[in-house]
Amino acid sequence: MIDKIIGFFTRHLDPFLMIVVAALLGIGMVVLYSASGGNFSRVGGQLLNMGVAVSVMWVAANIPPQHLARLALPVYALGLALLVGVALFGEISNGARRWLNIGVTRIQPSEIMKIGVPLMLAWYFDRYEAILKLKDFAIGAIVLAVPVGFIAKQPDLGTSLLVSSAGFYVLFLAGLSWKIIVGLGAVIAGCLPVLWGMMHDYQRQRVLTMLDPSQDPLGSGYHTIQSTIAMGSGGLFGKGWLNGTQARLDFLPERTTDFVFAVYSEEFGLFGNLVLLVLFVLLIGRGLYISANASVLFSRLLAGAVTLTFFTYAFVNMGMVSGILPVVGVPLPLISYGGTSLVTLLFGLGILMSIHTHKRLVKG
Amino acid sequence: MFFRLPFKWPFGRSRSGFRPPARGIEVSRGPSKFRMWLSRLPFKVPAGPPRSGFRPNARGVEMRDLSRELERFHWRLAVCAAGVVLLFFVLLLRFFYLQVIQHDYYMTLAEQNRISIVPVVPNRGLILDRNGVVLAHNYSAYTLEIAPKSAGPLDELLDQLSELVDIQPRDRKRFRKLLDERRELDSVPVRTRLTDEEVARFSVNRHRFPGVQINARLFRHYPNGEIASHVIGYIGRISEKEQTKLEERGVAANYRGADYIGKVGLEGRYEEDLHGVAGFEEVETDAGGRSVRTLRTTLPVSGNNLHLALDLRVQEIAERAFGKFRGALVAIEPSTGGVVAFVSRPGFDPNLFVEGIDSQNWDLLNNSPDKPLNNRSLQGVYPPGSTFKPFMALAGLELGKRTPDYTISDPGFFVLGGGGHVYRDWKKGGHGMVNLHRSLVISCDTYYYGLAQDLGIDNIHRFIGQFGLGRRTGIDIDGESTGLLPSQEWKMRRFKQKWFGGDTISVGIGQGYNLATPVQLAFATAILANRGIVYRPHLVRQIEDSQSGERRTIEAQPFNKFTISEENLQRVRNAMIDVNRPGGTASVAFSGAEYPVAGKTGTAQVVGMKAGEKYDEARTPERYRDHALYIAYAPAEAPKLALAILVENGGHGGSVAAPIARAVFDYVIMGKEPKPPKEAASPNEAAPAVHEDEHD
C-alpha cells in the first residue's frame, strides 16, 4: 500500500534530475541565508516558493507529453492574449509595463511564454511534420517573433532574450538550415545599428557600461564592478560562508536575486563555482539525454529546448555577474530568490521528467 | 545506414515511432564527391550531420527516413552540447581570471570598499595665562549637519528643519557659503550649539530627514571675550587658500576631518603646536557609508598647551584703564622678555570668528572708524615723540657728546647752522638753564635738537638701534611692523636722496622720519631697564607637551647683550624717576606712588603744524589731536615691569597715558586693585585741564 502511494508520487519523477535539482536548491537556500543577512523570513519565503514550484514540477511530470502537445496551442494563444492585455492595460513598475492585474493577483504573462513558445513551436513542427520547408521555419519565426516583440516592448530585455532563445533552440533542433542561421546572424549584425536606435536609454546604458563598467562606477556600472570585486576577492576557496564582505556590507546590489551568484562566488570561491558548474552540466546533460532518447519529435524538440533554455539562464546570469555579458534581468536558475522563475524552471524540468518517464512506460 | 556518428552516441539509441510518409518529397543526391574522397582516406573522418532527412526507399517511393532524421537531430543536439561545454569553459576561464589571476587586485578593492579611514580630529591645545587662567579652550556641543549628497532639495529641507530647530536667515547664508567652499567635507553644518531641547526635538523626527544628522563636535571658545583678543587671535574655518598651503607644506593629512585652523594672533602663530596630530580609525563601513564596527584606532594626539607670560588680570586692568580711548599698551617683564600685558584697544570678540563671522558683524568690525581689528601694539606705527629722549640722552653720554653737567640756556628755539631753519621748543620762551637731568624731567626739545646735531644721524641710528627700534622685535605673533629708525643709508635707499642736516634735528625729539610700534617702544624700555641685556619679547612662556606634560620654555636665554656704562644708565634713570616726581611731566599720575618709577612722557603729532602755528587742543577735532605716549619701568632700581603706552588722540602723555601705567604698576608691584571704575573718561568729553608744564 505504502509502496503504491510512494509509487504514485515518484513514478514520473526522474531520480537523476531530482538529486541534481535538490542539490542546487539546497545550495540556493544556503546562499540565500547568507545573502539576505541571515533573514529567516526571506529563506522561509523561498522555501514556500520551492514547495509551490516542486508541486508544479510534479504535476508537469505527470502530464503525458501527448496531453502537453494538445495544450500547446491554447497556452500559446492565452499567453499572447495576455501579452496584448499587458500592452494595453498593464501596470507599470520600475519604468516597465510587465504586470497584469487579474483581480486576485498580478501576473507576468511573459513568464508563460518561456514555456509557451517552445511548446507551441515543438507542437507545430511535430504536427505538420515540418522539417525542412522554409515556409515552416518562416511560420515558426513568426510564432516566435510576435511574443518576443511584445515582451521586448514592455521592455523586458532578459525575458525576451530567454523566450527568443527557447524558440530558436526548437528551430535549430528541428533542423533549421545552417545557411539560414549564418545568414540570419549576418542580418542581425547588420541590423545592430538599427536596433541601437530602437533601444531604450536604459538598455543602451546597459550595453555601454557592459563594454566599460568603469565609465559609470556609481551608476549603471556599479552592479558589475561590485560583483566582479566580490568574485575576484573570493579567490580559490572563498571567504567562507557568511563572511563575504561585499555581500554582508551591502555593496552588492540585488544580491538575493539576480546577483546571488556573486555572493556564492565570494564566499565559496572558484571551487564553489566549479561545483555549481558541474551540477549545471549534469542537469543539462541529463536533459539532453532525455531529449535524445525521446520517442517523438515533439518530445525531442521540447525537451531539448527546455534544457537549453535552462542552460541559457545559467550562462547569461553567470556571464553578467562575472562581467562578460551585459546586465540583463536573468536569474540564476534554482539559486536566485524569486517564485516566478522557480516555478517556470521546475515546470520545464517537470516536462523533461514527463517525457522521460512516459516514454519509459510506453516502452515497458 | 549510410552515416555513422563519429563517436558512440552516449545516450543510447532510442526507438523512433513510425509515422506515415511525410508530404514533402526530396530526391536524394547521394554522397557528394567530397564525401567520396573523404571515404578513401586511410583514416576515418567524421562524417558530419546528415544533410537530408529523406532518401528513396527500395521501391523508389520517396519516404521519410526516421533513423536518419533522428541522427540529424542527435547531431544537432551534439552541437548544442558542445556549445554548452564550450561556453561553460569560457565562464570557467573568466572565473579563473577573476579569482586566481586578479585575486589580489580585487581583494584590495574589496578591502577598500569595506574599510574606510576616518580621521579623528585632535583636541586643540589650550591657551592659559601665566597663572593658569584659561584664555582659549574647547567644549563639546551638538551641531546639526546636512550631507548634501544624500539630502533632497536643500531649501525645502531647511524649511522643514526650521520647524524643529531655530534656523536664522544668517544661518542659511552661512550654510550656503560653506556649501560653496566645501572642501572634502561630507556634511555641512547648518546650526551649531544646539540646545538640548532642539536636539530632542530633532531626534524624534530624524527619520523624516535622511542625510541630516546631529553630531557632537568640539568648539573653540574664548571665555574672556574682548580681553586680550589681539593676543589670542582666533581660529576659523580652513579656507581654500589655507588648504592649498597645507598641501604645499605636506601636512594636509594631519588636517583631514579638521574644520578649523588658527588665523591670527597666537592661534595663528602657534598653529602647529596647538593643532596636535590627527588620529585615524579604520572603520568597516557598509555601502551606505554607515560604520559597522571599528577595526583599529590610532588615537589622536592633542595639541600642546600654551602657557603665556601674559597675566590676564594685568591685561584686564590695563584694558579697563583705557576707558573709551583707543590705543595700545605693551608691558614686558625685563628680566625675561615675557609679555605680561599686550593691549590694543578697541578689541573684538574672537568668538564671532570661530564659526565663520556673519556679514553683519564683519561689516560692523571692519567698517568701524575705530578699526578694532587692527592690532595697534603690533602693527601701529607712531612717532615715538619725547619717549625717544632717554635713549638720545644715553647716546649723548655714552658717545661722549654730552657730560651730565653740560648746560644750555634754552631760548625756546634752536637755529640750525648760521641763521638757518628754526626749530621750536614746545614751550614758548624756553626752559631757561637745562642740563641733561632737567632736559628729561621737563622734556626740553631744544636740548635734544642740539644733541641730535652733535651726534649725527648715523650715530643715533647705530646706538638707538641697539634698543630694537627700526627692526621687528620678533615677538611671537605674526604681522609685526618694522617701524623706522632713519639713517643716511635708509634715506638714500628709500628716497634716493641725500640726508640733510636738518633731517637729524627733529629725529632728536622722536619726530621726523622716526616711527615705532608700541611693542618696539616697550622692548626698548625693557632693554633700558635690563641694562642692555636683550630678551626677545614673547607672549608664550612655555609650551606644555600634551603627552608628557613637559614644559619647554621659550626664549629662556638673552638674545643679545651690549654694554652700557652703569654710571650713565643711572643718570638717565634718575632723570626718568624725577619725571614722575613733583616737577616732572608725569608727576600728577604718580603722586603718592610707593615705589620709584622711571618713565618718560611723549606726544606724537598727528598733523603737521605750520611754523609758528600754535597747537590748540580744544580747537582740534578729536581725530587730529596728538597721540599721548608714555614709557616706564618700575620699580626703577629692580624693574619688574617695563611698558609702553600709546593713547590715540589722547593729547598728553602725562595726563592720559601715565595714569594707565600707574594702574598697571600699582597692581603688579603693590598688588593693588584699581579703584572701582568711575565713569570712564571719554575723548569726546572736554579735554582735561592742562597746565603748560604738563604739556609734554
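B:Gly592 is exposed, because 5 other C-beta atoms lie within 10 Å of its own, and a residue counts as exposed at 12 or fewer. The model in which this glycine sits is a predicted one. The points below take up the surroundings of B:Gly592, then the contact between the chains, and then strand pairing in chain B.

**Surroundings of B:Gly592**

- In chain B, the loop that holds B:Gly592 runs between the helix α22 (566-579) and the strand β23 (598-604).
- Between B:Gly592 and B:Arg581 there are 9.2 Å in space, taken from C-alpha to C-alpha, while the two are 11 residues apart in sequence.

**Contact between chains A and B**

- Chain A brings 43 residues to the contact, and chain B brings 42 residues.
- On the side of chain B that touches chain A, the elements giving two or more residues are α2 (66-101) and α3 (103-114) of chain B, and α2(B) gives the most, with 18 residues.
- By residue class, that side of chain B comprises 22 nonpolar, 12 polar and 8 charged residues.

**Strand pairing in chain B**

- Strand β10 (residues 279-285) of chain B runs antiparallel to strand β3 (residues 115-120) of chain B, and 6 bridges join the two; within this part of the chain, B:Pro119 has B:Phe280 in β10(B) as its bridge partner.
- Strand β11 (residues 291-298) of chain B also pairs with β10(B), in the antiparallel sense and over 6 bridges, and here B:Thr297 in β11(B) is the residue that stands opposite B:Glu281.

How values were computed
Residues are numbered from 1 along each chain as its sequence is written. Chains are lettered from A and ligands numbered from 1 in the order in which they are written. This is a predicted model: local features need pLDDT of at least 70, side-chain atom pairs count only at pLDDT 80 or more; totals for chains, interfaces and linings use all residues. Helices (H or I, at least four residues) and strands (E, at least two) are DSSP runs, numbered from the N terminus. A residue is buried if 20 or more other C-beta atoms lie within 10 Å of its own, exposed if 12 or fewer, and partly exposed in between; C-beta atoms are placed from the backbone. Two residues are in contact if their C-beta atoms, placed from the backbone, lie within 7 Å. Ala, Val, Leu, Ile, Met, Phe, Trp, Tyr, Cys and Pro count as nonpolar, Asp, Glu, Lys and Arg as charged, and the others, Gly among them, as polar. Two strands pair if DSSP finds at least two bridges between them.
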